[in-house]
Amino acid sequence: RNPEQIPERPACEALRRTGVGLLFWVITGLDFVVCVLQVFNDPIHGHIELHPLLVKIIDTPQFQRLRSIKQLGGAYFVYPGASHNRFEHSIGVAHLAGQLGQALKTKQPGLNITDRDILCVQIAGLCHDLGHGPFSHLFDAMFIPRARPGTEWRHETASLDMFDHLVESNGLQDVMEQYGLILPEDRTFIKEMIHTDNNNDQEWPYEGRTEDKSFLYEIVSNKENGIDVDKFDYFARDCYHLGLPNNFDHCRFLTFARVCEVNGRRYICVRDKEEDNMTEMFHTRLCLHRRAYQHKVTKIIETMITDAFLKADRHIWIEGSGGNMFTLSTAIGDMEAYTKLTDAVFEQILNCAFNAPQELRDARNILRRIINRDLYRFLGETRFEDPTEVCTNVFTINMDYGMNDEDPINHLYFYSEHDTTHAFRRRPWQVSRIRPTHFSEQLVRFVCRRYADMDNFKQWCRANGFPEYQVIYINKAVATDYFHYCLIYQIFS
């Protein structure tokens, strides 16, 4: 609220002195009530102050579930420090969303950003990962496609379903209105910021806000260039817990971000001198994928967990709405059952009874191999222009940020200190000659579920055009110029 609007009451004097951020006031039928924002001590962002409505959302079973879902999935078995969860990441994204929204509001009052807008953006940041399953991306990228072929399901769409379930099952509609939100308009706006399938064409595709506030849709999940507070938090948080350097400074982006109008639509832009910092952001993403997310042992372990889940799928039952029972792969269709599905299923399978069904015991044995470090054997890796030339039965992982083979910087708008209202994109002749020119690569990895029979493997290599086993390691040195990977696994049984 505007401090000038606070009535002349002694009890409200402290509120007037703070301005914005620490305290807020609500009108009741009898008096003005002063409430203190709750403070969270975060290792990445320090002391975070959150609006009471955000705290109400946090204190629900649907959000608390994120405490039991590892942020980096199987990477925890490779990096001992990577024990952080989706819970703290979501709180960090909500914090950064509020910071960016408040920064734009302060620097550009003409944008007419309201406190209600900022609160909605924070809620979207807080709830954007509600739909993640056990071990995060392993569940929707590796398990579901194999357990339910042809099912188009992503954790982003599950986040929308879980958000609706959270609001309705905890009776938060009235609470949201009590704190100034307008329903259903703001609820629609929040869900559109979390995920939408609308294409960004000339016609305005959103309902929550009008086109003059198009820039708000870039804060949490940026479809224009992939630069958003979600990445800001997980870059900083993942690097911190992995013990890797983070050369991208998101605080500079918050400082230099402005909104400019381009062809009738408003976009978040950054100072031209920040081009190197933004390039470093994408390079940080590349390094995280190469060294952690797609680490060869990380992917082997995640493949093993996936195999175990597939074997145990028909034998793990979860009670959902109406007393109906669901398996690991069918729980995605019922949010009450999905709320109960976390990383704990790993321990459930690992500790199954001695007389459990054979498939469940087979799943247990796979997980025991992970615990005992008896992993699938990594045989080698190489690169091909067309991986299907090696084998048509391949498992593909696409690692990109929406730009495919393009330079993401080409999709970012800049402004100069001489004209902060004019946005422009980098011209071809302005690109440094030492910048990368390729932004994609395909890597083929060969893995064996059992100890490798080297003679058979060498024979397979020769049959597919590899005269020697060592040829598998050609071009193993990875150029840091590439921003995009496509990892393809051939699993030998």
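Just after helix 7, Gly 171 takes a positive phi of about 60 degrees. The model is predicted. Helix 7 itself covers residues 155–169, 15 residues in total. From first C-alpha to last it reaches 20 Å, close to the 21 Å expected at 1.5 Å a residue. The helix is mostly covered, with 11 of its 15 residues buried. Polar and charged names appear in the buried set, among them His 155, Glu 156, Ser 159, Asp 164 and His 165. The set also includes Ala 158, Leu 160, Met 162, Phe 163, Leu 166 and Val 167.

Helix 4 was examined in the same terms. It runs over residues 86–107 and has 22 residues. At 1.5 Å a residue these should span 32 Å, and the end C-alpha atoms are 32 Å apart, which agrees. Of the 22 residues, 16 are buried, so helix 4 is largely enclosed by the rest of the structure.

These helices belong to a protein chain whose secondary structure comes to 17 helices and 14 strands. The protein chain has 493 residues, and 55% of them count as buried. About 22700 Å² is exposed, and carbon and sulfur atoms supply 47% of that area. Among contacts with a separation of 6 or more, 70% come from residues 24 or more positions apart.

Four of the strands make up an open sheet. Their order is 5-6-11-12, and the pairing is mixed. Strand 5 (258–262) and strand 12 (419–424) are the edge strands, each pairing on one side only. Neighbouring strands of the sheet are turned by 50 degrees against each other on average, direction ignored. Strands of a sheet pair through backbone hydrogen bonds, either parallel or antiparallel.

At one edge, strand 5 runs antiparallel to strand 6 (residues 265–271), and five bridges join the two. Here Val 262 stands opposite Arg 265 of strand 6. At the other edge, strand 11 (residues 414–416) pairs with strand 12 over two bridges, again in the antiparallel sense. The bridge partner of Phe 414 is Phe 424 in strand 12. Strands 11 and 12 form a hairpin, with two residues between them.

Aromatic contacts were then surveyed. A search of the whole structure finds 18 aromatic pairs. One of them joins Trp 204 and Tyr 206. The ring centres of Trp 204 and Tyr 206 are 4.9 Å apart, with 70 degrees between the planes, an edge-to-face arrangement. Both Trp 204 and Tyr 206 are buried.

A further pair is formed by Phe 232 and Phe 253. Their ring centres lie 5.1 Å apart and their planes stand at 65 degrees, so the pair is edge-to-face; the angle cut-off for this class is over 60 degrees. The pair links distant parts of the chain, 21 residues apart. Phe 232 sits in helix 10 (residues 229–242), and Phe 253 in helix 11 (residues 250–256). Both Phe 232 and Phe 253 are buried.

Aromatic residues also gather into a group. Phe 77, Phe 135, Phe 139, Phe 143, Trp 153, Phe 309, Tyr 338 and Phe 346 form one aromatic cluster.

Note on methods: Residues numbered from 1 in each chain as written. Predicted model: local features only at pLDDT ≥ 70, side-chain atom pairs only at ≥ 80, totals over all residues. Heavy atoms only, no water. Pairing = 2+ DSSP bridges. Axes fitted to C-alpha atoms, helices over the stretch in contact; angles between N-to-C directions. Buried < 20%, exposed > 50% of the residue type's maximum accessible area, 1.4 Å probe, protein only. Contact = heavy atoms within 4.5 Å. Areas by Shrake-Rupley, 256 points an atom, 1.4 Å probe, with all protein chains shown as cover. Expected span 1.5 Å × (residues − 1). Phe/Tyr/Trp six-rings, centres within 6.5 Å; stacked < 30°, edge-to-face > 60°.
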